[in-house]
Number of protein chains: 4
Amino acid sequence: MRVGVLTGGGDCPGLNAVIRGIVRKGVQEYGYEFTGFRDGWRGPLEGDTVRLDIPTVRGILPRGGTILGSSRTNPLKTADGIRRIKENLAGGGVDALIVIGGEDTLGVAAQLSDVHDVPCVGVPKTIDNDLSATDYTFGFDTAVGIATEAIDRLHTTAESHMRVLVCEVMGRHAGWIALHSGLAGGANVILIPEQRFDVDQVCAWVTSRFKASYAPIVVIAEGAMPKDGDVILKDGTLDSFGHVRLSGVGEWLAKEIEKRTGKEARTTVLGHVQRGGTPSAFDRWLATRFGLHAIDAVRDGDFGKMVALRGTDIVRVPIAEAIAELKTVQPELYKEVGVFFG
Amino acid sequence: MRVGVLTGGGDCPGLNAVIRGIVRKGVQEYGYEFTGFRDGWRGPLEGDTVRLDIPTVRGILPRGGTILGSSRTNPLKTADGIRRIKENLAGGGVDALIVIGGEDTLGVAAQLSDVHDVPCVGVPKTIDNDLSATDYTFGFDTAVGIATEAIDRLHTTAESHMRVLVCEVMGRHAGWIALHSGLAGGANVILIPEQRFDVDQVCAWVTSRFKASYAPIVVIAEGAMPKDGDVILKDGTLDSFGHVRLSGVGEWLAKEIEKRTGKEARTTVLGHVQRGGTPSAFDRWLATRFGLHAIDAVRDGDFGKMVALRGTDIVRVPIAEAIAELKTVQPELYKEVGVFFG
Amino acid sequence: MRVGVLTGGGDCPGLNAVIRGIVRKGVQEYGYEFTGFRDGWRGPLEGDTVRLDIPTVRGILPRGGTILGSSRTNPLKTADGIRRIKENLAGGGVDALIVIGGEDTLGVAAQLSDVHDVPCVGVPKTIDNDLSATDYTFGFDTAVGIATEAIDRLHTTAESHMRVLVCEVMGRHAGWIALHSGLAGGANVILIPEQRFDVDQVCAWVTSRFKASYAPIVVIAEGAMPKDGDVILKDGTLDSFGHVRLSGVGEWLAKEIEKRTGKEARTTVLGHVQRGGTPSAFDRWLATRFGLHAIDAVRDGDFGKMVALRGTDIVRVPIAEAIAELKTVQPELYKEVGVFFG
Amino acid sequence: MRVGVLTGGGDCPGLNAVIRGIVRKGVQEYGYEFTGFRDGWRGPLEGDTVRLDIPTVRGILPRGGTILGSSRTNPLKTADGIRRIKENLAGGGVDALIVIGGEDTLGVAAQLSDVHDVPCVGVPKTIDNDLSATDYTFGFDTAVGIATEAIDRLHTTAESHMRVLVCEVMGRHAGWIALHSGLAGGANVILIPEQRFDVDQVCAWVTSRFKASYAPIVVIAEGAMPKDGDVILKDGTLDSFGHVRLSGVGEWLAKEIEKRTGKEARTTVLGHVQRGGTPSAFDRWLATRFGLHAIDAVRDGDFGKMVALRGTDIVRVPIAEAIAELKTVQPELYKEVGVFFG
């Protein structure tokens, strides 16, 4: 039995832990051999492979990124993509594929498995934690931890100068990172893509915070949007989820706050720092277990499935189902957290 | 409505986040007033109280420990304890009590609520994560993170000198911290209280690790015990769970490994460092939500209940039931992790 | 003896440690009393004071920011500023002033001490480490540590996608943070304000890094400037040091790299995160010792002086002299570090 | 030109950064070739070498430990040691040796260079910072940072239970780590090997701290000794510095404090965690510069010298002189810090 492994989409702390879990158990307990494919779907599409065995996964557990590389190549949008993949798998003697990726990458796996008879097992990867089939995805805890530490730091500088600090975190379509890091960091306002925000309400919270002699921290997801549709957007484009994307929403909001409240406001955009570096212990645990259970699914011949976390258990769900719906922040949960605003 | 709050047992990162959640929501949404009781059950027993309102909970979210203090005072073992508590609550106009603690502290709350008509709501606290009613308890993630970082550090010093490093972590009756930090830290052997270990097997793993030209890390819970009943214990006493406790098991094991394998072995006992300091983002999130839901239970008059985490939801379970059974590491999970041993 | 204390300019991790050192030694060993002035020079200018004694400095050692607040108010530019300060000091019975700040704040102290007979002792504060009289200033080590950790994280995400990552750090006129964090973080290019950079040379380094199958990290100080004077600047203004300031130089450079090399490039601007939060152990040590020696200078009546680090000793230098010249990165040191470029 | 490199003695964060600095500059600027010797002096003694070039030093900058391995092998105590080293160097075509180590390892280098005509350059390595010729040694800042973070954590747990926490840190003959981390961590008592301590004085400080309603933290170097010579030592042996070593002094002190004050006291022994893991930014900077300057000394033919830090400069000093005297904490500095005791 030879199993192919690939990682697609944006990188995420924990990818290497998944790969290590797959290979350690696959080799030691099931006697499998492995083929690493480079750069997501580009690997099987172009037959670009890399050695993958016990020695190559040594020491990678605490390392961020992915030893296999990643890309956003989509074989479904590539002429003859499916055929070329099937040929390259057959040519390399690859019997099954473990696909680690987000909804785009896994969408291909679902198609291959369900329609084209290529046995795939999926491992969910989204730093935004926006996949409905699983309680958490790895990488999310690390990103939240980094954002929380940054917010902790911003408090003291905000207080010293009695300034507003706006901290823009990741989250295009779902506000999980903003919500968790904002709550953990003691933010006074948290703005998420799921609910358009009212700038005047934000300014009211900011003002009330100053009245209590403290300086406000506003945490905003990069995909959050103002209610007022007529604001001038720097880069307003319609994406596949029907949202208008606002590039630089944090900076825009800081300027509005200055204008409307007369208080100094500064912006920090955390950016790529959130997705790099060593994974948290939680993410290493989750990612490793995803890897162990993915290879078990291969051994069970349980293809077209994705591993997922439910409570403290790892379960299997159909890939196609798992990626059908985005997991967004429920209005009640946002309301629950809202007690800390202002 | 006046609500009393107390924290009992060993301290745990996140206690202050719970208290803040309770008070912020209680005051702002329900208009409640609060009485803080000092040092666990000693507070209501002796009528020792402290002011608890919005200003007193400001800035405590990221701080470890508990602003209320803690103790292991048990009113059930105190002459006239229950009567004195009822008197002091009545005297202070306290209508309900939120009790944050482990199985001992909550045992009193269950008794008071179920038998003596004192309305209590419980919040689970055990850094060891050994409460069966909840997926996780706050403080655990922080402790695992600290232990994992320590294990990460031990690797490089072990490799440089080709020594065995034994790292003793918390866990008297349950091996959760050892299991999670050992897995996340890439330990080569993990020993937990749930399964007596075979020193010769440990030595075999140690030896095989050296053969691969790497130095082994052994993570051992403080409550782990060797199989061989006839070892000479430094401090062998029978505790309430029927286990023989071995003080200094890490150091004992390091010496056995040296003796049996001829390799140098060193011990590190992490100790109190694991329970102090700022809570992780995960623990701040969980602890805050526990606090918000505990005050909701008070408002709903849902007494005798404890808040608990199930998946990503906070639910309520009867206190008495919740503390009836210790949550230990299941044999299958230990076996799952065992693929990394050796 | 009553001593006034103020903190001016941008905040910096370690300010509270200085204040604590001053007060602990002043009260315990010399029996002094203290007056805290709020928000830098605004405090003595407007007679805005705050209590400052042993209880108010408890627990502030590990806290970033400043309990006294800060501002950029300059009494020399305020009508009647000097007279008002002298009146307010006399009115409050303040015999001497300890001034903690950067070149602007200390410039006032020098003037007051040397010309207006107001006894001042200075403590240097610049997160940029650009004061020539002292080996290091507190806050710098913390900022370098934060930037280094961020760069560590960027490596893994750069490698996974084979992208250029440009990391913009603090440093308007001196490149110390860029130089130290860039070296410590293993950056492939470091750009500082002291030497105008050649975009084509940067692109050559970037390209050669990709040839070795690694992705490049470019660390750039916010005040770094391209050689080519004819680039279109977003915000080109002439400042007091004769430099043209380029707002957003990191983002500008990333776009140029993309254009000239055809490689994807992304920018991260660390911003205010670098100056907030708990100070490093090094900065707590340095800041505390600065505080202890500043109060010694007051006791010795050694006014008009500033404390400074020389090797491992704290010495005193004339304030006026200390702030006369900016400490910039010497060409030989930049060349020494340049061995790691490309 | 072929240059040999070895690392001896206990490991220290930053060793790999030194090696990388040597090799990068040696190869790129001077065209040298390198031979790595394994496990300190054991390498040249037994002719055990390892490849050392640009590819082998890639990615090692942030990694603790040493890729060359280490040992305490002393060729001066080995029959025919010097002759065998000279033979192996000649046999391998090694023209000069860079020796990275503490006083024992460097003592051999001094002897070889000064007496036996083997050209050596030294790089100082002692995590204890106890070498008189240099302001700081790399690894020390990392160790102090780890100890400070641990002390930060102990505060909250001490306060919650109103207990004494004794934290034992490294430092057999010099108290630098205790002094720096104790000051930075806000300890209430710091005990160092340089001054025998009076247990009753310690108890007086402990008691006075409790009176201020705070719980005391006692930081003690592993080599600190009580004044009272007649205490029963667990492991009293006379070492080469004329000190009696007390194994487990932290635990012993905690018990004495409990006995004499009636307060609960707990001990934490930080141990090997202090010397492992990724070096701090400060240590990476210092270690890298030591490496760059060591290879410059080789190019200059300036043998028998050791690189050292003086202020912000790297200088060269005779090895023999540099290791002649231990750098211990001066009484005045200990007194300066003493203002925070109690």
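1. Met162(A) is partly exposed, with a relative accessible area of 35%. This is a predicted model. Met162(A) sits in the loop that joins helix 6 to strand 6 of chain A. Its phi is positive, about 50 degrees, although Met162(A) is not a glycine. Most residues other than glycine have a negative phi. The backbone here deserves a look.

2. Asp39(A) also has a positive phi, near 55 degrees, and is a residue other than glycine. Asp39(A) is in a loop as well, between strand 2 (33–37) and helix 2 (42–46) of chain A. A further positive phi, about 65 degrees, belongs to Ser213(A), just after helix 8 of chain A.

3. Next, helix 8 of chain A. The helix has 13 residues, 199–211. At 1.5 Å a residue, the expected span is 18 Å. The end C-alpha atoms are 19 Å apart, which agrees with that expectation. At the start of the helix, a side-chain oxygen of Asp198(A) comes to within 2.9 Å of the backbone nitrogen of Asp200(A).

4. Which residues of helix 8 of chain A are buried? They are Val199(A), Val202(A), Cys203(A), Val206(A), Arg209(A) and Phe210(A). Viewed down the helix axis, these buried residues fall within an arc of 120 degrees, so they line one face of the helix. Arg209(A) is one of the buried set.

5. What do the buried residues of helix 8 of chain A pack against? Two helices of chain A are among the partners: helix 6 (140–161) and helix 9 (249–261). Strand 6 (164–169), strand 7 (189–191) and strand 8 (217–221) of chain A are partners too.

6. The annotated site comes next. UniProt, in an unreviewed entry, places the feature "active site" at Asp128(A). Asp128(A) lies in the loop between strand 5 (120–124) and helix 6 of chain A. Is Asp128(A) buried or exposed? Its relative accessibility is 15%, so Asp128(A) counts as buried; the cut-off for buried is under 20%.

7. The surroundings of Asp128(A) can be listed. Leaving aside neighbours within four places in sequence, Asp128(A) is in contact with Phe140(A), Met170(A), Gly171(A), Arg172(A), Trp176(A) and Ile177(A). Anyone checking the annotated position can start from these contacts.

8. On domains, the assignment for chain A gives domain 1 as 2–138 + 279–322. Domain 2 is given as 141–276. The contact between them takes 14 residues from domain 1 and 14 residues from domain 2 of chain A. The C-alpha centres of the two domains lie 34 Å apart.

9. Now Thr142(D), in helix 6 (residues 140–161) of chain D. Thr142(D) counts as buried, at 4% relative accessibility. Its side chain makes a polar contact with the side chain of Asp283(D), at 2.5 Å. Not counting residues up to four places away in sequence, Thr142(D) touches Pro13(D), Thr278(D), Pro279(D), Ser280(D) and Asp283(D), and also Arg153(B) from another chain.

10. Two chain pairs do not touch. Chain A and chain D are one such pair, with nearest C-alpha atoms 11 Å apart. Chain B and chain C are another, and their nearest C-alpha atoms are likewise 11 Å apart.

11. In chain C, Ile54(C) belongs to helix 3 (residues 54–57). Ile54(C) is buried, with a relative accessible area of 17%. Outside its neighbours within four places in sequence, Ile54(C) is in contact with Val23(C), Arg24(C), Val27(C) and Gln28(C). Gly26(C) is 28 residues from Ile54(C) along the chain, and their C-alpha atoms are separated by 9.7 Å.

12. In chain B, Thr49(B) is in strand 3 (residues 49–52). At 40% relative accessibility, Thr49(B) counts as partly exposed. How far apart in space are Thr49(B) and Phe37(B), C-alpha to C-alpha? The distance is 4.5 Å, although the two are twelve residues apart in sequence. Phe37(B) is also among the contacts of Thr49(B), together with Thr35(B), Gly36(B) and Arg38(B), once neighbours within four places in sequence are left aside.

Notes: Residues numbered from 1 in each chain as written. Chains lettered and ligands numbered in written order. Predicted model: local features only at pLDDT ≥ 70, side-chain atom pairs only at ≥ 80, totals over all residues. Heavy atoms only, no water. Helix = DSSP H or I, 4+ residues; strand = E, 2+ residues; numbered from the N terminus. Expected span 1.5 Å × (residues − 1). Buried < 20%, exposed > 50% of the residue type's maximum accessible area, 1.4 Å probe, protein only. Arc of directions from axis to C-beta. Contact = heavy atoms within 4.5 Å. Polar contact = N/O pair within 3.5 Å; in protein donor to acceptor, adjacent residues only side chain to side chain. UniProt positions renumbered as here; feature names shortened; annotations may be inferred. Domains from an automatic or database assignment.
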